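Me: Please take a close look at a single part of this model and describe how it is placed among its surroundings. Then follow the connections outward as far as they are useful.

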Amino acid sequence: MPEIRRAACVESENSMPVPFADLQLQYQTLKGAIDEAIASVIRESSFIRGRHVDQFEQEFAAVAEIRHCVSCANGTDAIWLAIKALGLRPGDEILTTAHSWISTSAMITHAGGTVVFCDTDGVTFTISPAAIESAITPRTVGIIPVHLYGQPADMDAIMTIANKHKLWVIEDCAQAHLARYRDRPIGSFGQAASYSFYPGKNLGAMGDAGAVVTNDAHLAERMTMLARHGGLLKHQHEIEGVNSRLDGLQAAILSAKLPHLRAWTVARQEAAKFYDTGLNQIRDVTIPQIKPDRSHVYHLYTICHPARDELARYLNAKGVQTGINYPTALPFLPAYSRYRHRPEQFPNAYADQGRILSLPMFAEIRREQQEEVIRHIREF
Ligand SMILES: Cc1ncc(COP(=O)(O)O)c(C=O)c1O
């Protein structure tokens, strides 16, 4: 799995193994619907485009409370499509968070922009509006906040800055399906928003899949053209595009899963509450901090601990799988060595990379499994 550094799980005696996520369990609970969805695509040979893709785009737009959904091959392409459709000139700078999966920043470069990182806020793991404000230059054209782990970034503050400086905003919603900010759906604040349906995401396909959404019809058309070889009709290539398609099989699987997304989200939120209660009093453990007016959908339940590596090794030895999302904040990756970033430029992201630990989290997680995780953390 790309975004998670995961240690192999060693089951010890007298302990219940707790996986980080359990995709097989989810499949078993929906086996009938998923098998039928796959069979119908094969029966109809609707492998590329076709009714399953159209249907999923409409259904997802309705669930995301947005007018247009343009499906594509993955959440990485979704970011690229949005940036490309908005258009860049050489030298244009785009601000994004210092702590995310690399797709967010790499697509800025691939679309022809210059990446400018902003530190996180030190509380929610999302981009700091104050850092955005101080990174703006005459070349800045846009901001890409990431609703990391499932908690919305501070969209009021970000949109105020964007409007003041006439910048566009693309929300990276890869980890935050159904999250809300002041009771408004994420993905509806900026000009466009990207989603990933990577298998482990809150809504996951059985392979790569993604979408970009917008309320702007013109932008939707432009992103559709870019994703479909530069044209809306066969053999009419208005521009040079790419091939970034959601395939029929993935669309049908996603439509089979979509009706369950709300219940899965509530189940994740309840599991998070259970962890909160069990972990809150344990010395050295910092549980996720949620700002008022933000709903967290817990793609990941990420704690902080000063002895993170030792804790991860200990849990692993007890059969509890954990993840680190992400062990190196973006500015410090070799991919960005050309910028010669220093830790003091991004103190929050730098500190977080050494103390964050994601615990097992999935909609079907049982309370006994969570009790086991909590017990081992307490004993550690
Ligand atoms: C924050 C974030 N952005 C973008 C992506 C890219 O999505 P995908 O893996 O579907 O390309 C991911 C997925 O890992 C992600 O977590």
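**Strand β3 and its surroundings**

Reply: Strand β3 pairs with strand β5 (residues 140-144) in the parallel sense, over four bridges. Strands here are DSSP runs of E with at least two residues, helices are runs of H or I with at least four, and both are numbered from the N terminus; two strands count as paired if DSSP finds at least two bridges between them. The model is predicted, so local features need pLDDT of at least 70 and side-chain atom pairs pLDDT 80 or more, whereas totals for chains, interfaces and linings use all residues. Residues are numbered from 1 along each chain as its sequence is written, and side-chain values use heavy atoms, without hydrogens or water.

β3 also pairs with strand β4 (residues 114-118), again in parallel, through five bridges. I94 has a bridge partner in both neighbours: V115 in β4 and G142 in β5. The path from β3 to β4 passes over helix α5 (residues 103-110), and the three elements make a right-handed β-α-β unit (right-handed: with the strands pointing away from the viewer, the path from the first strand over the helix to the second runs clockwise).

Five of the five residues of β3 (residues 93-97) are buried, so the strand is largely enclosed by the rest of the structure. Buried means under 20% relative accessible area, exposed over 50%, and partly exposed in between, with a 1.4 Å probe and protein chains only.

I94 is also among the residues with the most contacts inside the largest nonpolar core, which has 34 residues; L81, I83, F117, I144, W168 and V212 are the others. Such a core is a set of buried Ala, Val, Leu, Ile, Met, Phe, Trp, Tyr and Cys residues joined through side-chain atoms within 4.5 Å. At least two residues come from each of β2 (68-72), α4 (75-86), α5, β4, β5, β6 (168-172) and α8 (217-227). The largest share, seven residues, is supplied by α4. A second, separate core has 33 residues, including A271, A272, L279 and F362.

Within the first core, V212 touches H68, C69, V70, A78, L81, A82, A192, A193, S194 and M223, leaving out residues up to four places away in sequence (contact: heavy atoms within 4.5 Å). V212 thus leads to the ends of a loop, between β9 (192-196) and β10 (210-214), in which G200 is found. Beyond four places in sequence, G200 is in contact with L23, R268 and H299.

R268 appears again beside E364, a residue of the loop between β14 (356-359) and α13 (367-379). E364 is buried but has no salt bridge, and R268, the nearest side chain of opposite charge, is 6.7 Å away. For this, Lys and Arg count as positive and Asp and Glu as negative, with His and the chain ends not counted, and a salt bridge is a side-chain nitrogen of Lys or Arg within 4 Å of a carboxyl oxygen of Asp or Glu. Apart from neighbours within four places in sequence, E364 is in contact with L25, Q26, W264 and Q369.

Another loop, between α8 and α9 (248-257), holds V242. V242 is partly exposed, with a relative accessible area of 31%, and its contacts beyond four places in sequence are W80, L226, A227, R228 and H229.
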